[in-house]
Amino acid sequence: MEGKYYKTKESVDEYVKLAKDINGSLLIEKLKKFLSLNSTLLEIGSGPGSDWNILNALYKTTGSDNSDEFLSYLNAKNSTGEFLNLDATTLRTDKRFGGIYSNKVMHHLTDDELIKSIKRQHEILIADGVICHSFWKGEGSEIFKGLFVNYHTKKSLREFYKDDFEILLIENYKEFDDDDSILLIAKKK
């Protein structure tokens with residue numbers, strides 16, 4: 001579900017300030033155990049580029065976002081980077097990747113959109129490709145700052161991914177509060 005929060009310069013500037021000290025380095029350390037360095041990687045929802053910078057030092061990373069404001073920001077900060085305007089559900093690209101990564105992006109999708117995204121990720125991954133996604137842990141959904149947030153459990157995520165991916169790792173972790181988040185790493189079947 002698309003919100004307007006990430007679509008204006010003011011909201012992007014606000015988010016960049018709020019997220020300046022937050023990145024997925026701990027998640028990326030876990031990903032490195034399953035995805036070979038220098039693999040091609042798509043990051044879904046690069047936002048201000050904090051994770052993209054870490055990923056790009058390890059992988060041949062293509063960033064993406066569905067916000068023109070974030071894409072302008074990313075291109076201005078990373079003149080040699082490759083960034084695509086992609087919707088997390090449809091992922092309309094002809095490129096194929098060894099891995100796909102997102103940090104707290106997929107929870108903005110409804111259950112139906114998540115299912116479509118999972119199928120599309122499967123299509124754009126090479127054989128044995130790896131995904132790495134983080135989610136907010138919980139049940140139900142809410143609107144936060146005008147954005148849809150869909151909470152997940154390990155059980156619900158296993159159910160969503162079981163047909164297309166072999167789960168390699170699924171674990172709770174702490175972003176702000178104990179066990180408030182779930183990391184899922186899986187391999188294309």
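**Exercise 1. In this predicted model, find which residues Y161 touches, leaving out those up to four places away in sequence.**

Solution. Listing the contacts of Y161 beyond four places in sequence gives L114, I118, I131, H133, F135 and L184. The next step is to place Y161 in its wider setting: the largest nonpolar core has 25 residues, and Y161 is among those that touch the most other members, together with L42, I44, I131 and L184. The elements that give two or more residues to this core are β4, α5 (111-124), β5 (125-136), α6 (154-161), β8 (165-173) and β9 (181-188). Finally, a second core, separate from this one, has 15 residues, including L31, L35, L41 and L58.

**Exercise 2. Work out in what order the strands of the open sheet lie, and which of them are the edge strands.**

Solution. Reading across the sheet, the seven strands follow the order β3-β2-β1-β4-β5-β9-β8, with mixed pairing. The edge strands are β3 and β8, because each of them pairs on one side only. Neighbouring strands are turned against each other by 20° on average, if direction is ignored. For one pair in detail, take β5 and β9, which run antiparallel and are joined by seven bridges; I131 has A186 in β9 as its bridge partner. Helices can then be added to the picture: α3 packs on the sheet and touches β1, β2, β3 and β4, with its direction at about 160° to that of β2, while α4 also packs on the sheet, touching β2 and β3, and makes about 170° with the direction of β3.

**Exercise 3. Explain why the buried residues of helix α3 lie on the same side of it.**

Solution. Begin with the residues themselves: within α3 (residues 50-58), the buried ones are D51, W52, L55 and L58. Around the helix axis they cover an arc of only 125°, and therefore they sit on the same side of α3. The general background is that an α-helix has 3.6 residues a turn, so residues three or four places apart point the same way. As for what covers these buried residues, the list includes α2 (25-31), β1 (40-43), β2 (60-65), β3 (82-85) and β4 (97-103).

**Exercise 4. Decide for D65 whether the residue is buried or exposed, and do the same for T80.**

Solution. D65 lies in strand β2, and its relative accessibility is 9%. Since buried means under 20%, D65 counts as buried. Leaving out residues up to four places away in sequence, D65 touches G45, S46, G47, F70, L71, L84, N85 and L86. T80, by contrast, is found in the loop between α4 (68-77) and β3, and its relative accessibility of 79% makes it count as exposed.

Technical notes:
Residues numbered from 1 in each chain as written. Predicted model: local features only at pLDDT ≥ 70, side-chain atom pairs only at ≥ 80, totals over all residues. Heavy atoms only, no water. Buried < 20%, exposed > 50% of the residue type's maximum accessible area, 1.4 Å probe, protein only. Helix = DSSP H or I, 4+ residues; strand = E, 2+ residues; numbered from the N terminus. Arc of directions from axis to C-beta. Contact = heavy atoms within 4.5 Å. Core = buried A, V, L, I, M, F, W, Y, C linked by side-chain atoms within 4.5 Å. Pairing = 2+ DSSP bridges. Axes fitted to C-alpha atoms, helices over the stretch in contact; angles between N-to-C directions.
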